[in-house]
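Trainee: Could you take me through the side-chain pairing in this one, starting with the charged residues? I'd like to see how those contacts tie in with the packing around them.

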Amino acid sequence: MKHIVLSDLMNIIEYEKVRNDYRSELMEYKKNRRISLGPNITITFENRKTMKFQIQEMMRAERMVHDHQIQEEIDVYNSLLPLENGLSATLFIEVTDEAQIRPVLNQFIGMTEGERVYFEFEDYKVCAEFETGREESDKISSVHYIQFNFDPSAKAAFLENPESVMLSIHYNNYIYSEKINGSIHQSWSEDLISS
C-alpha cells in the first residue's frame with residue numbers, strides 16, 4: 001500500500017477548519033472496517049485513509065507544526081499499513097468495568113503467540129501476526145497491531161468467495177467467530193487489492 005507522505009496532510013489550522021466533517025466521514029467509513037469477536041475483542045482494519053486520520057489527530061493533540069515531528073508520526077503509522085498481499089488491523093481488548101481491567105487483560109496473556117486470531121475461508125486459514133513488544137510474561141497491552149499476510153492463492157480465494165469468509169479468535173476459553181458481511185468484505189478487499 002502506498003505510504004503516506006507529508007504533502008498528504010493538512011496543517012493543524014487547516015485541519016481544525018474541517019475536523020468535524022472529516023471525523024464524521026471517518027466514523028461512518030470505519031463502520032465497514034470494524035468487527036467484534038465476543039464481548040472483549042474488537043478489530044479495526046487499517047489503511048491509508050484511517051492512518052492519515054490518526055496522524056491528523058495526533059498532530060492536533062500534540063500541536064505539531066514542525067516537519068521533522070510530523071515525519072516521525074508518519075513513519076510510525078506507515079509501518080502499520082498493510083504489507084503487499086496483506087491486511088492490517090488494530091486489535092483492542094475492551095473492558096468497560098474499571099475494576100475488571102486487570103483481570104480481563106490477564107486472561108489474554110499469551111494470545112499474541114501462535115495461531116489465535118485468523119481468517120478461515122474455503123480451504124485456507126490466514127493467521128494474524130502480532131507486532132512484538134506488547135506483551136510480557138505477566139502483562140499484556142490492550143492495543144495490538146496485527147498483519148494478515150496472504151499467499152497469491154489465498155488472496156484470490158478471499159476475493160472471490162466473500163460468502164465463505166469467517167474471522168475467528170480461539171484462545172483458551174475465548175472462542176468466537178463472525179461471518180463477514182458483504183460491505184465489510186468489500187471494504188477489506190479494496191485494501192487487499194491495493195496492498
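Mentor: Start with glutamate 16 and arginine 60, which form a salt bridge whose closest N and O atoms are 2.9 Å apart. Keep in mind that we're looking at a predicted model. Glutamate 16 belongs to helix H1 (residues 12–30) and arginine 60 to helix H2 (residues 48–62), so the bridge links distant parts of the chain, 44 residues apart. Neither end is buried: glutamate 16 is partly exposed at a relative accessible area of 36%, and arginine 60 is partly exposed too, at 26%.

Stay with arginine 60 for a moment, since another residue of H1 comes in here. Arginine 19 lies in helix H1, and its C-alpha is 9.8 Å from that of arginine 60, with the two positions 41 residues apart in sequence. Leaving out neighbours within four places in sequence, arginine 19 is in contact with Glu57 and Arg60. Unlike the partly exposed arginine 60, arginine 19 is buried, with a relative accessible area of 13%.

The bridge you've just seen is one of nine salt bridges that a search of the whole structure finds. As background, side chains of opposite charge can pair when their charged atoms come close. Now look at arginine 33 and aspartate 191, which form a salt bridge with their closest N and O atoms 2.2 Å apart. Arginine 33 sits in the loop between H1 and strand E1 (34–37), while aspartate 191 is in helix H6 (residues 182–194), so this bridge ties together parts that are 158 residues apart in sequence. Here both ends count as buried: arginine 33 has 0% relative accessibility, and aspartate 191 has 3%.

Serine 187 is also worth picking out around there. Serine 187 lies in helix H6 and is buried, with a relative accessible area of 6%. Setting aside neighbours within four places in sequence, serine 187 is in contact with Asn32 and Arg33. That makes arginine 33 a residue to click on twice: arginine 33 bridges to aspartate 191 and is also in contact with serine 187.

For a bridge between partly exposed residues, try glutamate 131 and arginine 134, whose side chains meet at 2.9 Å, N to O. Glutamate 131 has 34% relative accessibility and counts as partly exposed, as does arginine 134 at 28%.

Charges sit over rings here as well. Lysine 49 lies over the face of tyrosine 29, 4.4 Å from the ring centre. The charged end of lysine 125 sits over the ring of tyrosine 118, 4.2 Å from its centre.

Lysine 125 also takes us into the packing, where it is among the residues that phenylalanine 119 touches. Not counting residues up to four places away in sequence, the others touched by phenylalanine 119 include Phe45, Leu87, Val165, Met166, Leu167 and Trp188. Phe119 is one of the residues with the most contacts inside the largest nonpolar core, along with Ile43 and Phe148. That core has 36 residues, and E3 gives the most to it, with four residues. A second, separate core of 13 residues includes Leu9, Ile74, Leu80 and Leu81.

Now for the rings: the whole structure has 15 aromatic pairs. In one of them, the ring centres of phenylalanine 121 and tyrosine 124 are 5.6 Å apart and their planes are at 25 degrees, so the pair is stacked. Phenylalanine 121 is buried, at a relative accessible area of 2%, whereas tyrosine 124 is partly exposed, at 28%. Both belong to one aromatic cluster, together with Phe45, Phe119, Phe148, Phe150, Phe158 and Trp188.

Follow Phe158 from that cluster and you land in helix H5. In H5 (residues 152–160), Ala154, Lys155, Ala157 and Phe158 are buried. Looking down the axis of H5, those buried residues fall within an arc of 165 degrees, so they line one face of the helix. The general point behind this is that an α-helix has 3.6 residues a turn, so residues three or four places apart point the same way. On the other side of H5, Pro152 and Glu160 are exposed. The buried residues of H5 pack against strand E3 (86–93), strand E4 (117–121), strand E5 (124–130) and H6. And H6 brings you back to the charges, as the helix that holds aspartate 191, the partner of arginine 33.

Definitions and conventions:
Residues numbered from 1 in each chain as written. Predicted model: local features only at pLDDT ≥ 70, side-chain atom pairs only at ≥ 80, totals over all residues. Heavy atoms only, no water. Phe/Tyr/Trp six-rings, centres within 6.5 Å; stacked < 30°, edge-to-face > 60°. Buried < 20%, exposed > 50% of the residue type's maximum accessible area, 1.4 Å probe, protein only. Lys NZ or Arg CZ within 6 Å of the ring centre and 35° of its normal. Salt bridge = Lys/Arg side-chain N within 4 Å of Asp/Glu carboxyl O. Helix = DSSP H or I, 4+ residues; strand = E, 2+ residues; numbered from the N terminus. Contact = heavy atoms within 4.5 Å. Arc of directions from axis to C-beta. Core = buried A, V, L, I, M, F, W, Y, C linked by side-chain atoms within 4.5 Å.
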